[in-house]
Amino acid sequence: MKEIKYHLAEDTIDKNDIDQLIEWLKTYPRLTKADLTLAFEKKWSDWVGKKYSVFCNSGSSANLLMYYALLLSGVLKNKKIIVPSVGWVTTIAPAIQFGFEPIMCEADKDTFGLDLKHLEELLQKHNPSAVIMVQVLGVPHKMDELMALKEKYGFILLEDACAAMGASYHGKRVGSFGDMSSASLYFGHQISTIEGGLVSTDNKIFNDALLMARSHGWGKDLEKETHSQLIKKYGIDDFHSPFVFYEPGFNLRSTDLNAFLGIRQIDKMDWLIKRREENHGIYKKLLGDYFYIQQAPADSVICSIHFGALAKDTEERRKIVKALEENGIETRIFSAGNLGLHPFWYNRYGKMSFPMADQIHHTGFFLPNSPSLNPKDIEFISSVVLDSVKERITFPLHNPSLIPMAQFASVKNPLKILVTGGAGYIGSILVPELLKQGHEVTVIDNFMYNQPSLLDCCHHKNLTIARGDVRDEKLIAKHLQGKDFIIPLACLVGAPLCDKDPIAARNINLEAIKMILRLREPNQKIIFPNTNSGYGRQQEGTSFCDENTPLDPITLYGQLKVEAEKAILESGNGITLRLATVFGISPRMRLDLLVNDFVYRALNDRFIILFESHFKRNYIHIRDVVSAFVHCMDNFESLKNQTYNVGLSDANLSKLELCQEIKKQLPSFVFLESSVGEDPDKRDYVISNEKIEKTGFKPQVSLQEGIAELIKGYQVIKKNQFTNI
Ligand SMILES: Cc1ncc(COP(=O)(O)O)c(C=O)c1O
């Protein structure tokens, strides 16, 4: 890195402040917390618009005090608190330290504060006592909407305004909305006392708790009358009274030296706000058309300490960071990105991924915004950023909303999911994905193929494995408890296997599903995979099969699947997916599936005799099947009680065409046509997958990519290692 010319943070304590401090020090004052602290607290309260303020040694301590005051004041109905995904670690850390149950919320796409829709879902689901919000980087949040939710759900609001003082919303200062609000006076923040923090509140009960908690738990910092009442209540004599501890407190005090600086800083506030707001405005004008940036609600004043922006993707951010560093401009990630992706969080609760917070995490960066920077400086910094992504911005992409959001895993909140047959072909890919997304997964599987799948997930504390049979009512009843979703994959799959043991097939493929429907709570959601083989042979004169095409299953396997689908749709609160022929590698591999089988033979035998070679089928990659399940979970309410075909719309191919596709990658492959057999399901159809595509689902893995994957995977797999029968 070149020598830094533009630092991300600068001291707001200037030469004049230091000179004045020296003069004051020459009067040899007492430096610990005393009258200047009280004067500073009073001045801050008046400035921010709150009755009381408590000065402490950092913004983090201010947050700690807010949480502790909640506990001490005895107002909590439970210890649940909603916390933001975008903020600072010490916005959340006290929740963990004090044994709260923190529930993480997605970031708002405009202000990057709490996503209000997700917040309301969490409020309905968890009924928490409190919500802690962050006013992100001096861009005020949508406070009318947030306060309306507070009114509706009756939670206590903690407002972390640590990096946002000076901002205001509808003429009201940020830091005056919460039942308690914190401010940070760290170096480089809007104003500074070297280190320092403040909690402000209108509530005397909270204020008393804050004062005691800040200083050891004693009462002598309280208002005189309040302290006297305590002395009286506990029958304490005068000699003891200064050193009686009413609560187990901390020592989080600051000093009069810091207060001296703080008092002077408040006097500069108007100028500092104006400078930062102007700079922010110039950045916004120069960069706002090309980068996704925070949008403040109407009638608000922004007071940012850095200007935050999102690149198109991580690679573009890398380019920008490199250019900034080469030009001596300091940069860093956007605050802490998504706090749900930090070890302090995921080691306890699993990773939390949210589309917006993840985007901020993976693409966000900061630019300097200090009061000393003038318009020329901002123009220079902006030009470095713009030059580094010149290729992109010469395209007519002038609307940041057109910048595609990167495809990160999207989870709203952790769900409890039961997957039966979770160690099978699909389950072995689905379960790790669900765990990756932060869900709690219980797998019931009898491991009938002795498969080692899921071994690589056993370290995950969110995974439960129950070895057992889906016909076992007690087992199912036990593991249904508390689940949000049920994904019943356990099945004797395929016509030959069902014909081998028709009684087991009926009990596993149909009766066990009916048992789940009987045992589940009505609010428990089901997503069930059917096979599109139920369409059988396409009717003459029709060009494709869609979900309205009557099902006409021929084999026992097809009939049982169709009956199970019917039972689920009739029971309600379910979605069924009619899967095309699945292909691709899974730890519990299946070599009997058409594409998997053909590629295996093309590679190992180099030769196939095709029967019914012009019969057409539709195909889908196993990872797209998993994405389809996730899509259904994410959009359950709008998709429910319907069935959807899931296949690659550009892969309705006959067996002959499939062989031709394989030959493109394995040129030595030879295939001949002969009437040496027939498909028991008589599958010959073109499938329309338009219904699910219209809901926003799009498969990602092409047939050619799947063939390449299989060719690679078959270097690992040996014949007969994976068969169903
Ligand atoms: C949102 C937020 N909360 C809390 C803090 C912690 O403040 P401090 O550094 O004074 O402990 C910060 C620090 O930047 C912050 O940005």
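Here a biologist and a modeller chat about how the labels on this predicted model are earned.

Biologist: Before we start, what should I keep in mind?

Modeller: Residues are numbered from 1 along each chain as its sequence is written. The model is predicted, with local features needing pLDDT of at least 70 and side-chain atom pairs counting only at pLDDT 80 or more, while totals for chains, interfaces and linings use all residues.

Biologist: Okay, why is Pro29 called partly exposed?

Modeller: Count the neighbours! A residue is buried if 20 or more other C-beta atoms lie within 10 Å of its own, exposed if 12 or fewer, and partly exposed in between, with C-beta atoms placed from the backbone. Pro29 has 14 C-beta neighbours inside 10 Å, so it counts as partly exposed.

Biologist: Where does Pro29 sit, and what is Pro29 in contact with?

Modeller: You'll find Pro29 in the loop between α1 (15-25) and α2 (35-48). Those helix labels are DSSP runs (H or I, at least four residues), strands are runs of E (at least two), and both are numbered from the N terminus. Setting aside neighbours within four places in sequence, Pro29 is in contact with Trp24 and Asp256; contact needs C-beta atoms, placed from the backbone, within 7 Å.

Biologist: What makes Asn573 partly exposed?

Modeller: Same recipe: Asn573 has 18 C-beta neighbours inside 10 Å, so partly exposed is the label. Asn573 lies in the loop between α19 (556-571) and β19 (574-579). Asn573 also has a positive phi of about 55°, although it is not a glycine.

Biologist: And why does Glu612 count as partly exposed?

Modeller: Glu612 has 18 C-beta neighbours inside 10 Å, hence partly exposed. Glu612 is in the loop between β21 (607-610) and β22 (616-621), with a positive phi of about 45° despite not being a glycine.

Biologist: Now the ligand: how many residues surround it, and which are the closest?

Modeller: There are 15 around the ligand, and the closest are Gly59, Ser60, Trp88, Cys162 and Ser184. To be near, a residue's C-beta atom, placed from the backbone, must lie within 6 Å of the molecule. The largest share of that shell, three residues, comes from α3.

Biologist: How do you sort the shell by class?

Modeller: Ala, Val, Leu, Ile, Met, Phe, Trp, Tyr, Cys and Pro count as nonpolar, Asp, Glu, Lys and Arg as charged, and the others, Gly among them, as polar. By that sorting, the shell has five nonpolar, nine polar and one charged residues.

Technical notes:
Contact = placed C-beta atoms within 7 Å.
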